[in-house]
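Colleague: I have a model open and would like to learn how to read it. Could you take me through some of its features?

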Protein chains: 2
Amino acid sequence: MSELNHYTEAQLRAFTESVFLKIGCSEQDAKQAADVLILADMRGIDSHGVARLSGYVRLWEAQRVNSKPQMKVVHETPSTATLDADEALGLVSGPAAMRIAMEKARNVGSGWVAVENSNHFGIAAYHAMMALEEDMIGIAMTNASPLVAPTHSTERMLGTNPMCFAWPALNHPPFVADLATAAAANGKLEIAQRSGKKIPNTWVQGKNGEISEDPNELKNGGSLLTLGSTPENGSHKGYALSAVVDLFSGVLSGANFGPWVPPFVSFLPVQPNLPGRGLGHFFGVLRVDAFRPKEAYFNSMEQWINRFKSAAPKDKTEPVIIPGEPEAALFAERERTGIPLVAAVEKDLNELAQKFDLRL
Amino acid sequence: MSELNHYTEAQLRAFTESVFLKIGCSEQDAKQAADVLILADMRGIDSHGVARLSGYVRLWEAQRVNSKPQMKVVHETPSTATLDADEALGLVSGPAAMRIAMEKARNVGSGWVAVENSNHFGIAAYHAMMALEEDMIGIAMTNASPLVAPTHSTERMLGTNPMCFAWPALNHPPFVADLATAAAANGKLEIAQRSGKKIPNTWVQGKNGEISEDPNELKNGGSLLTLGSTPENGSHKGYALSAVVDLFSGVLSGANFGPWVPPFVSFLPVQPNLPGRGLGHFFGVLRVDAFRPKEAYFNSMEQWINRFKSAAPKDKTEPVIIPGEPEAALFAERERTGIPLVAAVEKDLNELAQKFDLRL
C-alpha cells in the first residue's frame, strides 16, 4: 500500500461535501452524505467510500436522485414508521430514518422504520452504528440491484442485500456485523478482475448455472451465488436471508423488490411497470435498557467479547475476530496515516474536481 | 418411507400431551408443549418433533426443567419486555413470550421479548408463525448447546443458533425462513451416521481444525462449521449471524451465552460459575399495517412470491422454492397420510409409554 497516495480524512471530507453541494444538496445534506462515505473509507470499506462518489453524481445527472428531497413519514405507529424518501440519496434518507427510529426507541423502547422511494445508502454499518451513541442496538438493511440468483435458479433476482447489527460495548470496539447475504460481494470480483486472477468456484455461476472461476462471469450474464454457495452447503439459507432483507426493504416499505430494484449504475435503465417506488431500506433500534439495566448488559457484553477473543485458535497467529474489530483497527490506523486511494479512484475524483471546478 | 409405521396427528398429540401431564405440567402447558412438537412433525422437521420428547423428559428428571413454572416479566417498556421463564420448557415459555410480543404489537405496532432462564424451545418456526394469524410478521431465535466453532477457532463456542422469519401471504403458504446458522445442523450428521455415509468436508472439522468427512467427528471432539464453511466462502458471515442470535438470546436477556449455554442432553453436566440463567430466546412481532395498509402489503407479497416461483430454473425439474413451501406441502401430505416414525423414535416413545403407564 506504501506506493498509494494518502489523503487526510479532512481533505476527502471537504471535497466530498463540495461535490454534494454542487449537485444541489443543502449544506446539512451534503455534510450528512459525505459523513457516510468518509466513514466507509475510514473503516476500510474502500468499495463503498469516495470510490462511489462519481456513481452518485451520475445517478443525479440521470435524474434518478433528488438532491432537494421533501421526505415525509407516510404511515406511523408509536414504534414504527414508513418514510417516503422522495428519491433522496440513501446517504441522506438512511440517517433521517435512523433518527426517527431512535426517537421512537427513546419513547417506547424500540423503533422500526421502513424507507421507500430511496437510493443506494452506502455502508449499512454507518446507519446501524448511529444507535450506539445512545446505548442502543442498531439494525440496518437494504435491497440492491439484482445480481444474485436464488438456489436452483440462473436468474438475477436479488441484490447482495446486506444486513448490519451493531451492539454497544464498554471497553472494546462495538460489535458490528455488516454482511452481504451473497457468498462474496461484487467488490471481491473487481479485485480479482484488476489482478487478472481466478476466483473460487463458489462465488459466481455462468449464465446457464455452470460452475465458474472467472471474475468476469457477472459481466457475461452470470450471477452471484448466495451465502452457502451450493445447496449442500446451505445456499438456501443465504437465499432465505437475502429474501428477508428484500421483504423488509421492499415489500414492507412500498419500494421495489427482487428483480425490479433499480440499478445503482446509471447506464443500466430502470425497468418499466415497476411494482414499487425506488429502492428500499429497513432500520431498527432497540434500547438495551428496554430489556435489562444498562450495567448488567454491558457486563455481559464485555464477558462475551473477552470469551470469544480467547476462544482456542486453529492457528495461534490468527485469533478469533469480533465482528467490527478489524474495521475499528483500520479506523485508528487511518486517523494516523490518512486514507490511501488507488489510482482509478484518484482519477475519478480528479475528473469530478474538473467537472465542478473544485480542487481535490 | 412406505415401510415406516404411520401415526395420526391426533394419536401422537394425545400421547405427547399425556407425557407432559405425567411430568407435572398443567393441562394448558401440556397442550401447548405438545402443539409445538406435533407441528414440527407435521411440517417434516422430524428431528425436532416427538423424536425429542424423551429428551425433555430426561431434562425434567435431571431437575433442569420446571414443569410448574411461575414465569414473570422482569423488565418492560411499551414495545419490549424481558421474561424470566423460571426454567420452563421452552415449548411453553416461547409461546408465552410471543403472546406478550403480539399484545405489544397490537398496542404500539411492534413487540420484542427476550427470554432468560428457559430451555430448548423446539422449532423456531412454531413461535414465529404464531404472528401470522393476526397479519403480523413473526421473528424467533434461540441460542443452544455449544457445538459450532467461530471462524479461525477449534473451540465449540456457539449453538446451531437458528433464526426464523415468518411473513403472512394471501393465496400462497406463508413465507417461513427457519434456518440454523451452522453450515449443516446436527440432524444431517445423524442421518449420515445411521447410513454409514461420508459427509461433505464443509460441515464439521476435527478437534484440531482439520478437514473431515466423518459424521462422527463431533463425537470425537470436533466442531460444526458456520454457514459459509470456510473463510473464503464467508464462514465469518455465518459466525456473525450466529453471534447475533447469541447476543439477542443471551446477552440481552440475562440468560447464558456462548460456551456457557446449558446442553440439551441431560447426560452432559451444566458448567459451574455460569454468567446467566438457563438458555435464552428472542422474539419479535411487527404488524404489517404498522407500515402499509394491509391490502398494499398483501398485493406486494403475492407479487413477490409469484415472481420468485417463476424465476428461471437451472434445471426445469427443480423450480425455485419459496422458504416454507416444502414444509407446507408436507403438512398437507401428513394430514392425509399421518406421520411416519423411524424405528428408533417408535422405540423411544414405547419406552416412555411403559415408564408412565400410557399407551402409544
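Modeller: Gladly! Keep in mind that this is a predicted model. Let's begin just past a helix: H1(B) is followed by Gly24(B), whose phi is positive, near 105°.

Colleague: And the helix itself? What span should the 14 residues of helix H1 of chain B have?

Modeller: A helix has an expected span of 1.5 Å times one less than its number of residues. For helix H1 (residues 9-22) of chain B that gives 20 Å, and its end C-alpha atoms are 20 Å apart, so the two agree.

Colleague: Which residues of H1(B) are buried?

Modeller: Leu12(B), Arg13(B), Phe15(B), Thr16(B), Glu17(B), Val19(B) and Phe20(B). These buried residues pack against strand S1 (5-7), helix H2 (27-42), helix H3 (53-61), strand S11 (339-341) and helix H10 (343-356) of chain B.

Colleague: Let's turn to burial in chain A. Is Ala240(A) buried or exposed?

Modeller: Here the cut-off helps: a residue is buried if 20 or more other C-beta atoms lie within 10 Å of its own. Ala240(A) has 28 such atoms, so Ala240(A) is buried. You will find Ala240(A) in helix H7 (residues 235-251) of chain A.

Colleague: What is Ala240(A) in contact with, leaving aside its neighbours within four places in sequence?

Modeller: With that exclusion, the partners of Ala240(A) are Ala177(B), Leu179(B) and Pro323(B).

Colleague: That brings us to the interface. How many residues does each chain give to the contact?

Modeller: Chain A gives 69 residues and chain B gives 69 residues. On the chain B side, H8(B) gives the most, with eight residues. By type, the side of chain B that touches chain A divides into 40 nonpolar, 22 polar and seven charged residues.

Colleague: Now the nonpolar core. Which residues touch the most other members of the largest one?

Modeller: That core has 239 residues, and Ala128(A), Cys164(A), Ala128(B) and Cys164(B) touch the most other members. Take Cys164(A): leaving aside its neighbours within four places in sequence, its contacts include Ala124(A), Ala128(A), Ile139(A), Met141(A) and Val176(A). Asp178(A) is another residue in contact with Cys164(A).

Colleague: Last, domains. Which segments make up domain 1 of chain A?

Modeller: Domain 1 of chain A is written as 5-183 + 225-293 + 336-356, while domain 2 covers 184-224 and domain 3 covers 294-326. Taken over C-alpha atoms, the centres of domain 2 and domain 3 of chain A are 33 Å apart.

Notes
Residues numbered from 1 in each chain as written. Chains lettered and ligands numbered in written order. Predicted model: local features only at pLDDT ≥ 70, side-chain atom pairs only at ≥ 80, totals over all residues. Contact = placed C-beta atoms within 7 Å. Helix = DSSP H or I, 4+ residues; strand = E, 2+ residues; numbered from the N terminus. Nonpolar A, V, L, I, M, F, W, Y, C, P; charged D, E, K, R; others polar. Core = buried A, V, L, I, M, F, W, Y, C linked by C-beta atoms within 7 Å. Buried ≥ 20, exposed ≤ 12 C-beta atoms within 10 Å, placed from the backbone. Domains from an automatic or database assignment.
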